[in-house]
Amino acid sequence: MLALTSGVILWSVAHLFKRVAPGPRSAMGSAGRAVMAVLILASIYLMAVGYQPAMGTFFWGRNPMLVGINNLLVLLAVYLMVASTVKPAIVAKIRHPQLTAVKAWAVGHLLVNGDAASFILFGGLLAWAVASVIIINKQDGKPELVSTSGAGKEVMTVVITLVVFGGIAWVHNYLGYPVFG
């Protein structure tokens, strides 16, 4: 559990450092980007190696209804992540599409993984995403959202979303975490 917890904390600190300590981050200059990238990669490594062996209390397991809800939330999360790059019409309605995607992904995974390790991983990343939105909105205000979307961007977003979701499902199945059923 120590590696998993350390990974979630390191991820949160690395991502929030610029917002909560702008002076020290600015003093790091351009080298700070490389430092933060290394810390983020280290956090992902710690979360990945720490999740599977983490032991803890088990509260509930998977059931078909929760799996279906999880899959819809993950599909939404992938769509929002893709939308943050392609910029379809949804980005004019959702201020933080990537952080909203993390929240949807985390909630979905909490529904189907009722164990302590999942609470640390998915609950921790959910808390980070919520805190990030609050901090960003407090510091930057709420700018007007604009989208210059057309039908091509909408179709492209949906197609990329389905391909990425399919890839994620394949990797999950390959690693022994069935996505469907």
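## Pockets, a salt bridge and a nonpolar patch

Helix α4 is the biggest contributor to the lining of the largest pocket, giving 7 residues. Please keep in mind that this is a predicted model. The largest pocket holds about 1,300 Å³ of space, and the second largest has a volume of about 740 Å³. Beyond the pockets, the briefing takes in a salt bridge between Asp140 and Arg19, a nonpolar surface patch that includes Trp170, and a positive phi at Lys87.

**The largest pocket**

- In total, 44 residues line the largest pocket.
- Should you want to look at its centre, the residues lying nearest to it are Trp105, His109, Leu121, Phe122 and His172.
- By class, this lining has 31 nonpolar residues, alongside 11 polar and 2 charged ones.
- Several helices supply at least two lining residues each: α3 (31–51), α4 (64–86), α5 (97–112), α6 (116–140) and α7.
- Two strands, β1 (58–60) and β2 (114–115), also supply at least two residues each to the lining of the largest pocket.

**The second largest pocket**

- The lining of the second largest pocket is made up of 24 residues.
- Nearest the centre of this pocket lie His15, Arg19, Gln98, Trp128 and Ile136.
- Two or more lining residues come from each of α1 (2–20), α3, α4, α5 and α6.
- Here helix α1 provides the largest share of the lining, with 6 residues.
- The lining of the second largest pocket divides into 13 nonpolar, 5 polar and 6 charged residues.

**The salt bridge**

- The count of salt bridges in this model comes to 1.
- The partners are Asp140 and Arg19, whose side chains meet at 3.0 Å, N to O.
- This pair ties together distant parts of the chain, with Asp140 in helix α6 and Arg19 in helix α1, 121 residues apart.
- Asp140 is partly exposed, because its relative accessible area of 46% falls between the 20% and 50% limits.
- Arg19 also counts as partly exposed, with a relative accessible area of 24%.
- Arg19 therefore turns up in two topics of this briefing: Arg19 is in the salt bridge at a relative accessible area of 24%, and Arg19 is one of the residues nearest the centre of the second largest pocket.

**Helix α7 and the nonpolar patch**

- Trp170, Val171, Tyr174, Leu175 and Tyr177 make a nonpolar surface patch of about 590 Å².
- Trp170 sits in helix α7, which covers residues 151–174.
- Trp170 counts as exposed because its relative accessibility is 56%, and exposed means over 50%.
- Asn173 lies in helix α7 too, and is partly exposed with a relative accessible area of 40%.
- How far apart in space are Asn173 and Ala131, C-alpha to C-alpha? The two are 32 Å apart, with their positions 42 residues apart in sequence.

**An unusual backbone angle**

- Lys87 is not a glycine, yet has a positive phi of about 70°.
- You will find Lys87 in the loop between α4 and α5.
- At 40% relative accessibility, Lys87 counts as partly exposed.

How values were computed: Residues are numbered from 1 along each chain as its sequence is written. This is a predicted model: local features need pLDDT of at least 70, side-chain atom pairs count only at pLDDT 80 or more; totals for chains, interfaces and linings use all residues. Side-chain values use heavy atoms; hydrogens and water are left out. Patches are made of residues with over 30% relative accessible area and no salt bridge: like charges are joined within 9 Å, nonpolar side chains (Val, Leu, Ile, Met, Phe, Trp, Tyr) within 5 Å. Accessible areas come from the Shrake-Rupley method with a 1.4 Å probe; for residues, only the protein chains shown count as cover. A salt bridge is a side-chain nitrogen of Lys or Arg within 4 Å of a carboxyl oxygen of Asp or Glu. Helices (H or I, at least four residues) and strands (E, at least two) are DSSP runs, numbered from the N terminus. Buried means under 20% relative accessible area, exposed over 50%, partly exposed in between (1.4 Å probe, protein chains only). On a 1 Å grid over the protein atoms alone, a cavity is a set of points where a 1.4 Å probe fits but cannot get out, and a pocket is an open set with protein on both sides within 12 Å along at least five of seven lines; lining residues have an atom within 4 Å of a point. Grid points are joined across faces, edges and corners, and a volume is the space filled by probe spheres set on the points. Ala, Val, Leu, Ile, Met, Phe, Trp, Tyr, Cys and Pro count as nonpolar, Asp, Glu, Lys and Arg as charged, and the others, Gly among them, as polar.
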